[in-house]
Amino acid sequence: MLVLTRRANQSIMIGSDVVVTVLEVRGDQVRIGIDAPRSISVHREEVFRELEAANRAAASPASGALEDLAALRPPPKP
Amino acid sequence: MTGPATVEPELPELHFASGLPGFPDARRFVLVRLGDEASPFSVLRSLDDGTDLEFVVTHPALFFPDYEPEIDDDVAGRLELESADDALLLVIVTVADPVAASTANLLGPIVVNRHTRAAAQAVLGNSGYATREALVPT
């Protein structure tokens with residue numbers, strides 16, 4: 001891991017298209033701003049990992065399961 | 001291969017500029033109905049070469065009538081959404097055995113710009129939603 005030290009309002013470039021800026025340091029929290037092109041998603045890491053795992057678990061279900069699922073209906077509204 | 005499918009006429013091809021978490025290179029998808037016209041499910045099928053990647057999705061309002069996620073400014077900007085009406089929401093289904101135990105990812109809905117068909121998987125931070133919410137109450 002590359003480790004850099006920054007003050008508030010200082011920035012870091014990742015490649016030529018991503019700019020990470022320290023906006024504010026307050027207590028044990030740091031507000032960080034990220035400028036990135038649309039081709040690069042930006043997420044809090046723990047949430048990204050959760051989505052990644054969920055997407056992988058959901059990807060490409062077996063065709064037999066799909067046939068069964070197609071018959072499932074939402075519960076009737078009360 | 002899945003069973004007989006009908007291409008949904010309203011959304012021929014969706015473009016995910018940054019793919020999806022876990023699948024960063026999967027950019028182009030098509031939405032295909034799963035089952036007959038009464039089926040609440042569709043398949044989001046990758047068009048990119050060398051992959052059989054697909055996800056089952058559903059319109060969240062069908063199973064979760066109270067689900068009204070707030071789309072944050074970053075997602076709205078990326079997808080050029082000018083109002084909530086521009087957005088179509090889909091949620092990814094994790095198919096379980098038995099299928100009645102299947103779940104939907106309400107933490108990471110797919111947001112689509114109806115007009116441009118730009119799409120992204122959003123994250124509803126601090127919402128309390130889970131990646132696996134039961135479709136049918138048990």
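**Notebook: a walk through chains A and B**

I began near the end of chain B, where B:T138 sits in the segment that follows β10 (133–134). A reminder to myself: this is a predicted model.

Is B:T138 buried or exposed? I looked at its surroundings and found 6 C-beta neighbours inside 10 Å, so B:T138 counts as exposed. I also checked its position against B:A100: the two are 38 residues apart in sequence, and their C-alpha atoms are 8.6 Å apart in space.

**Strands of chain B**

Next I followed the strand pairings, starting from β2 (residues 14–16) of chain B. β2(B) is joined to β3 (residues 28–34) of chain B by two bridges, and these strands run antiparallel. β2(B) is also joined to β9(B) by two bridges, this time in parallel. Which residues partner B:H15? In β3(B) I found B:R28, and in β9(B) I found B:A118.

From β3(B) I moved on to β4 (residues 41–46) of chain B. Five bridges join them, and the strands run antiparallel. Within this pairing, B:V32 has B:V43 in β4(B) as its bridge partner. β3(B) and β4(B) make a hairpin with six residues between them, and B:G35 in the turn has a positive phi of about 90 degrees.

I then looked at β8 (residues 110–113) of chain B, which pairs with β9(B) in the antiparallel sense over three bridges. Opposite B:V111 I found B:A120 of β9(B). These two strands form a hairpin as well, with four residues between them. In that turn, B:R117 has a positive phi of about 65 degrees.

**Where the chains touch**

How many residues of chain B are in contact with chain A? I noted 39 residues of chain B in contact with 31 residues of chain A. On the chain B side, β5 (54–58), α1 (60–63) and β6 (87–94) each supply at least two residues. By class, that side of chain B has 22 nonpolar, 13 polar and four charged residues.

**The core**

I turned to the largest nonpolar core, which has 43 residues. Which of them touch the most other members? They are B:V56, B:V57, B:V93 and B:V111. β6(B) gives the largest share of this core, with five residues.

I picked B:V56 for a further look, leaving out residues up to four places away in sequence. In chain A, B:V56 touches A:P61, A:L66 and A:L69. In chain B, B:V56 touches B:L34, B:F41, B:V43, B:V93 and B:V95.

**A helix of chain A**

My last stop was helix α1 (residues 45–58) of chain A. At 1.5 Å a residue, its 14 residues should span 20 Å, and the end C-alpha atoms are 20 Å apart, which agrees.

Which residues of α1(A) are buried? I listed A:L51, A:A54, A:N55 and A:A58. Looking down the axis of α1(A), I saw that these buried residues fall within an arc of 100 degrees, so they line one face of the helix. A general point fits here: an α-helix has 3.6 residues a turn, so residues three or four places apart point the same way.

The cover over the buried residues of α1(A) includes β5, β6 and β9 (118–121) of chain B. On the face turned away from the buried side, I found the exposed residues A:E45 and A:E46. Just after α1(A), A:S60 takes a positive phi of about 50 degrees.

Terms used:
Residues are numbered from 1 along each chain as its sequence is written. Chains are lettered from A and ligands numbered from 1 in the order in which they are written. This is a predicted model: local features need pLDDT of at least 70, side-chain atom pairs count only at pLDDT 80 or more; totals for chains, interfaces and linings use all residues. Two residues are in contact if their C-beta atoms, placed from the backbone, lie within 7 Å. Ala, Val, Leu, Ile, Met, Phe, Trp, Tyr, Cys and Pro count as nonpolar, Asp, Glu, Lys and Arg as charged, and the others, Gly among them, as polar. A nonpolar core is a set of buried Ala, Val, Leu, Ile, Met, Phe, Trp, Tyr and Cys residues joined through C-beta atoms within 7 Å. A residue is buried if 20 or more other C-beta atoms lie within 10 Å of its own, exposed if 12 or fewer, and partly exposed in between; C-beta atoms are placed from the backbone. The expected span of a helix is 1.5 Å times one less than its number of residues. The arc is that of the directions from the helix axis to the C-beta atoms. Two strands pair if DSSP finds at least two bridges between them.
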